[in-house]
Amino acid sequence: MFPAGPPSHSLLRLPLLQLLLLVVQAVGRGLGRASPAGGPLEDVVIERYHIPRACPREVQMGDFVRYHYNGTFEDGKKFDSSYDRNTLVAIVVGVGRLITGMDRGLMGMCVNERRRLIVPPHLGYGSIGLAGLIPPDATLYFDVVLLDVWNKEDTVQVSTLLRPPHCPRMVQDGDFVRYHYNGTLLDGTSFDTSYSKGGTYDTYVGSGWLIKGMDQGLLGMCPGERRKIIIPPFLAYGEKGYGTVIPPQASLVFHVLLIDVHNPKDAVQLETLELPPGCVRRAGAGDFMRYHYNGSLMDGTLFDSSYSRNHTYNTYIGQGYIIPGMDQGLQGACMGERRRITIPPHLAYGENGTGDKIPGSAVLIFNVHVIDFHNPADVVEIRTLSRPSETCNETTKLGDFVRYHYNCSLLDGTQLFTSWVRGGAGTGQVGGHRHGESSSVHPRRLLLPLGPRAPGEHSTSCCFLHDYGAPQEATLGANKVIEGLDTGLQGMCVGERRQLIVPPHLAHGESGARGVPGSAVLLFEVELVSREDGLPTGYLFVWHKDPPANLFEDMDLNKDGEVPPEEFSTFIKAQVSEGKGRLMPGQDPEKTIGDMFQNQDRNQDGKITVDELKLKSDEDEERVHEEL
């Protein structure tokens with residue numbers, strides 16, 4: 001228990017202790033003092049006055065123990081104390097290195113247990129005693145608290161406290177890990193914790209950067225797993241301990257939470273969570289993609305989410321605009337696909353991390369939902385869904401005035417606009433609508449130019465941002481609808497249905513429109529209701545045959561030599577009703593006729609004279625002569 005000589009000497013000085021044992025063996029079994037009951041004690045009396053609730057291990061013969069004690073005589077006088085030396089006793093029990101009474105008294109003891117031992121003389125220092133310290137035939141009283149126990153045959157003890165249901169990978173030698181820990185001695189005394197340092201402990205496993213026991217204890221751990229790791233001293237800091245916080249020959253207990261793990265050789269890991277049917281195109285380098293994501297660390301800590309901003313993340317992929325791992329992970333995805341992308345730090349933000357949410361050397365996990373993607377070189381994709389059974393001799397072309405029904409949605413299915421009555425989309429309700437007849441146009445039969453258009457005046461609405469119960473109208477090529485829809489409506493038969501996929505550069509571009517996100521690919525389902533030939537550019541009215549030979553006289557109904565707005569309107573309407581000519585389709589007739597009058601009333605005096613009235617074809621010829 002302690003060596004011969006003054007009690008100030010350390011109990012771990014084995015030569016002195018062996019000398020003491022020789023003295024004890026020479027004395028043999030003394031008679032000892034009387035027991036409390038009046039007779040001599042036969043054996044050690046053990047009083048277990050504090051037993052810990054949990055006792056995973058009891059002291060056995062050959063174990064190495066560390067304990068504190070106070071030693072007193074029967075009258076309470078202290079003869080020795082490890083507390084006074086501020087040094088624990090660290091020694092092997094049951095092998096003759098302690099007095100027999102102490103060897104027996106420590107057997108079966110638990111860590112943090114407290115015992116009072118009464119050692120009779122023949123199990124202590126016998127009839128000789130210890131000169132100057134312990135008189136002959138002395139009964140000894142010890143108050144002992146056990147703080148540590150281990151055996152040279154021990155291995156690292158690992159207890160799993162919490163294991164996550166999903167384990168993407170387990171720690172192997174050579175991996176780099178990030179973990180939190182609380183470190184205590186076996187008696188619960190804390191010596192270190194990562195939580196107080198504001199960051200995880202980051203290191204390689206199996207490369208000599210850690211004590212051997214921790215290297216072993218981390219193997220096989222999953223991110224998010226919690227373990228209790230008990231390490232014997234010879235796999236920890238051994239006989240020297242560490243500084244002032246870990247004494248020599250101390251068993252160590254670590255409560256570990258693994259945050260993440262990766263290997264410097266790791267590549268991006270992809271896991272498809274949901275793949276929509278009918279994937280005909282996969283994203284490639286150079287594509288522009290819109291996607292939603294949740295970004296988390298490997299332990300599940302969320303660090304960012306596009307959903308919280310209610311806006312997709314929009315970027316080119318394979319062009320270096322995003323971290324390399326995400327650049328790789330998004331390629332090959334389908335529209336509508338959901339995938340999990342696990343990115344090691346060397347393909348993410350490296351050793352330094354970024355901001356206050358992504359620490360250095362962090363593995364990142366992105367759960368991604370691909371909304372859509374396109375390439376700047378994309379054209380409108382056209383797929384015919386159905387065509388009318390009757391023969392189609394005429395299809396739509398530039399300049400035609402068309403009426404059509406449509407559904408407009410994003411590629412993730414979000415419906416933006418529709419012209420069908422609610423519940424009628426796709427039912428073919430408009431398939432039997434009567435459509436207009438076409439007619440050819442002779443250059444000499446054209447009358448009255450369009451008025452000048454203000455700079456920048458045009459319409460690029462895709463769907464008018466409403467749910468209409470009537471077909472939409474447009475003149476193809478007149479810049480009245482987005483370019484992609486205009487293209488997709490060309491070449492159609494009346495009654496035909498098409499699906500159109502329109503890339504954003506042929507739709508609403510990077511800025512989007514009211515109700516349409518920026519850079520959004522649009523999906524249209526269109527059905528052509530009717531078509532009729534439009535008018536050539538710049539014309540508001542044409543005759544089906546040659547215009548009247550005496551046009552002004554026919555127009556001057558009261559024959560007063562001038563044509564006011566009322567006479568002009570009456571004359572044009574008569575031409576239309578008699579089938580002699582037609583106005584520009586898709587416009588308010590009154591407004592069109594008013595524009596025609598304004599174009600002919602050249603001095604803006606409210607009437608047209610014979611000198612003012614001219615056909616547009618005549619104006620064009622005069623302009624050519626002037627240029628020549």
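In this predicted model, Asp556 lies in the loop that runs between α7 (551–555) and α8 (565–577). Asp556 is buried, yet has no salt bridge. The nearest side chain of opposite charge belongs to Lys559, 6.1 Å away. A salt bridge would need a side-chain nitrogen of Lys or Arg within 4 Å of a carboxyl oxygen of Asp or Glu. Leaving aside residues up to four places away in sequence, Asp556 touches Gly561, Glu562, Val563 and Glu567.

The nonpolar interior comes next. The largest nonpolar core has 29 residues, and Tyr67, Leu140 and Phe142 are those with the most contacts inside it. At least two residues of this core are supplied by each of β2 (64–72), β4 (89–92), α3 (100–106), β5 (114–119) and β6 (140–150). The largest share, five residues, comes from β6. There is also a second, separate core of 27 residues, which includes Val156, Phe191, Ile231 and Ile365.

Another residue to look at is Ser386, which is located in strand β19 (residues 381–386). Is Ser386 buried or exposed? Its relative accessible area is 31%. Buried means under 20% and exposed means over 50%, with partly exposed in between, so Ser386 counts as partly exposed. Not counting residues up to four places away in sequence, Ser386 touches Glu496 and Arg497. Ser386 and Glu527 are 141 residues apart in sequence, while their C-alpha atoms are 9.2 Å apart in space.

Technical notes
Residues are numbered from 1 along each chain as its sequence is written. This is a predicted model: local features need pLDDT of at least 70, side-chain atom pairs count only at pLDDT 80 or more; totals for chains, interfaces and linings use all residues. Side-chain values use heavy atoms; hydrogens and water are left out. Helices (H or I, at least four residues) and strands (E, at least two) are DSSP runs, numbered from the N terminus. Buried means under 20% relative accessible area, exposed over 50%, partly exposed in between (1.4 Å probe, protein chains only). Contact means heavy atoms within 4.5 Å. A nonpolar core is a set of buried Ala, Val, Leu, Ile, Met, Phe, Trp, Tyr and Cys residues joined through side-chain atoms within 4.5 Å. Lys and Arg count as positive and Asp and Glu as negative; His and the chain ends are not counted.
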